[in-house]
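Student: I would like to take a close look at one part of this structure, the place where the two chains meet. Please guide me through it step by step.

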There are 2 protein chains.
Amino acid sequence: MTDPRPVGIFDSGVGGLTVVRQVLDLSPKENIVYFGDTARVPYGTKSKETVTRFSVENVEFLMKHNVKMVVVACNTASSLSLSFLKRCFRVPIIGVIEPGAKAAIRSTRNGKIGVIGTSATISSGAYEKIVKKLRPRASLTSRSCPLFVPLVEEGWIDSKVTEEVAAIYLEPLKKKRIDTLILGCTHYPMLKAVLQKVLGKSVLLIDSSEEVAREMRDVLDAGGLLNTSTGRKDCKFFVSDEPGRFVKMAERFLKKRIECVKKAG
Amino acid sequence: MTDPRPVGIFDSGVGGLTVVRQVLDLSPKENIVYFGDTARVPYGTKSKETVTRFSVENVEFLMKHNVKMVVVACNTASSLSLSFLKRCFRVPIIGVIEPGAKAAIRSTRNGKIGVIGTSATISSGAYEKIVKKLRPRASLTSRSCPLFVPLVEEGWIDSKVTEEVAAIYLEPLKKKRIDTLILGCTHYPMLKAVLQKVLGKSVLLIDSSEEVAREMRDVLDAGGLLNTSTGRKDCKFFVSDEPGRFVKMAERFLKKRIECVKKAG
């Protein structure tokens, strides 16, 4: 049994490429179709209704490419729209929230977990819900960090300003003595060094992109959907805005150059 | 002669309310229809093709409300799309670039002007073109400041971080000894105090929203389009995302509360 159909992955923009990177590492035999909604990015400041409408359109686009599964590689869309997407489409669909929450629960020693994300992700309470369900006695402290995405996109990865902003945002989490922090936005792994510096080495950072890539592989495996065929693998990238800016930023997120990015539609 | 039809004003989001505020001050008899494209905000990181497509749709929406004139209250859309919009629609359409540039040329003493804006506005070269045309011997130094909009939206108007970011962005403009700075984004007037502090009192800040409100009045006057009728004036606000976040931020930009904001479409 082998299923050569591609896996579909979407994000509001370029951040989901951190997930693609992990999928390429962990499931090198899978074909991939990626969609980045760069014309309407970001999602993190927008309403549930709007993000869900956009997400449905994104999955519809991926379905046209005959994907066997969809990974919502965007924390905001996963928080606000995953359950709706699951009801709308027949292929397996997973998001980044549950894999990240599970990993945090496995890792924490003192039961004090932190999560950072966009305004929409944090105010949705999606992480609270799943953590409460899986480990009712764990405590979760959350904080939205709206400046982190623009700081990453500006390329100020290790600037003094970014460290100061991180110190302000993370202060309440430090006070709660969290020992585990979920990076609840696909841009945040780019800030690992500065976050670790501000929090100290004892706090474990959970990168959801690693976790979701593992979950993806497990779902494919369980459903008999793995691609076991050899031969050249295909990784297609589509965006809704002109590809220029995406291509320029992609290398930082994917750690390799992207040759061919097409404008969708 | 009186023309009671409303004036149409659009922006990518909430920033254009700084223009509405000036229009209310200067032309209190005019009815207004405002559209903020909050589902697709921001425009400043997006391509000319995409911003122009969005702008055409925004003007089409305003035209349905029978507007007699359109003000593009967004520097990015004015930079990238104004000439196209003028060719597409019959009503007078003005943007914020030319009024701001004219005011800077009138004001500068040493001929050294600075302009700050989004990435798209600055890389479009729109301010350079107009300044070169109107005053070939003036020198213009430009700088994109992608973090200013998120800092304003985060409400960090007078934080130390914002001052440090401003110091970094404005350094090349200080070195050039500009005596006039065009605030080339409708969010930036919110940062006047910190910009003035970083640049020193001798540098004049040009707020395009004041200038474009004056230009709007002149265009209406010249075309016999002024509304001279008395009676209650109407100011309607529409947005493309759910109104919640817009309403919350609107007060800061408009300096008064908005009661009724509708989702368009």
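Student: How many salt bridges are counted between chain B and chain A?

Tutor: The count between chain B and chain A is two salt bridges. Please keep in mind that the model is predicted, and that every value discussed here is computed from it. In one salt bridge, the side chain of Lys160(B) meets that of Glu164(A), with 3.9 Å from N to O. A salt bridge is accepted here when the nitrogen lies within 4 Å of the carboxyl oxygen, so the pair of Lys160(B) and Glu164(A), at 3.9 Å, qualifies. Polar contacts between chain B and chain A, for their part, come to 10 residue pairs, both residues being at pLDDT 80 or more.

Which elements of chain B take part in the contact? Helix 2 (48-64), helix 7 (148-154) and helix 8 (160-175) of chain B each supply at least two residues of the side that touches chain A. Helix 8 of chain B gives the most to that side, with six residues. By character, the residues on the side of chain B that touches chain A divide into 13 nonpolar, 11 charged and five polar.

Let us turn to the extent of the interface. In total, 29 residues of chain B are in contact with 29 residues of chain A. The size of an interface is often given as the accessible area lost when the parts come together. Between chain B and chain A, the buried area is about 2,300 Å², and carbon and sulfur atoms give 60% of it. On the side of chain B, the residues that lose the most area to chain A are Leu147(B), Glu154(B) and Trp156(B), which together make up 20% of what that side buries.

The arrangement of the two chains completes the picture. Two copies of a chain are related by a rotation about an axis and a shift along it. Here, a turn of 180° with a shift of 0.0 Å along the axis lays chain B on chain A with an RMSD of 0.0 Å. This is the relation of a two-fold axis. The same surface serves both copies, since 100% of the contact residues of chain B recur in chain A. Among the residues of chain B, Arg40(B) comes closest to the rotation axis, its C-alpha being at 2.3 Å.

Notes:
Residues numbered from 1 in each chain as written. Chains lettered and ligands numbered in written order. Predicted model: local features only at pLDDT ≥ 70, side-chain atom pairs only at ≥ 80, totals over all residues. Heavy atoms only, no water. Least-squares fit on C-alpha atoms with pLDDT ≥ 70 in both. Contact = heavy atoms within 4.5 Å. Buried area = accessible area lost by both parts, 1.4 Å probe. Polar contact = N/O pair within 3.5 Å; in protein donor to acceptor, adjacent residues only side chain to side chain. Helix = DSSP H or I, 4+ residues; strand = E, 2+ residues; numbered from the N terminus. Nonpolar A, V, L, I, M, F, W, Y, C, P; charged D, E, K, R; others polar.
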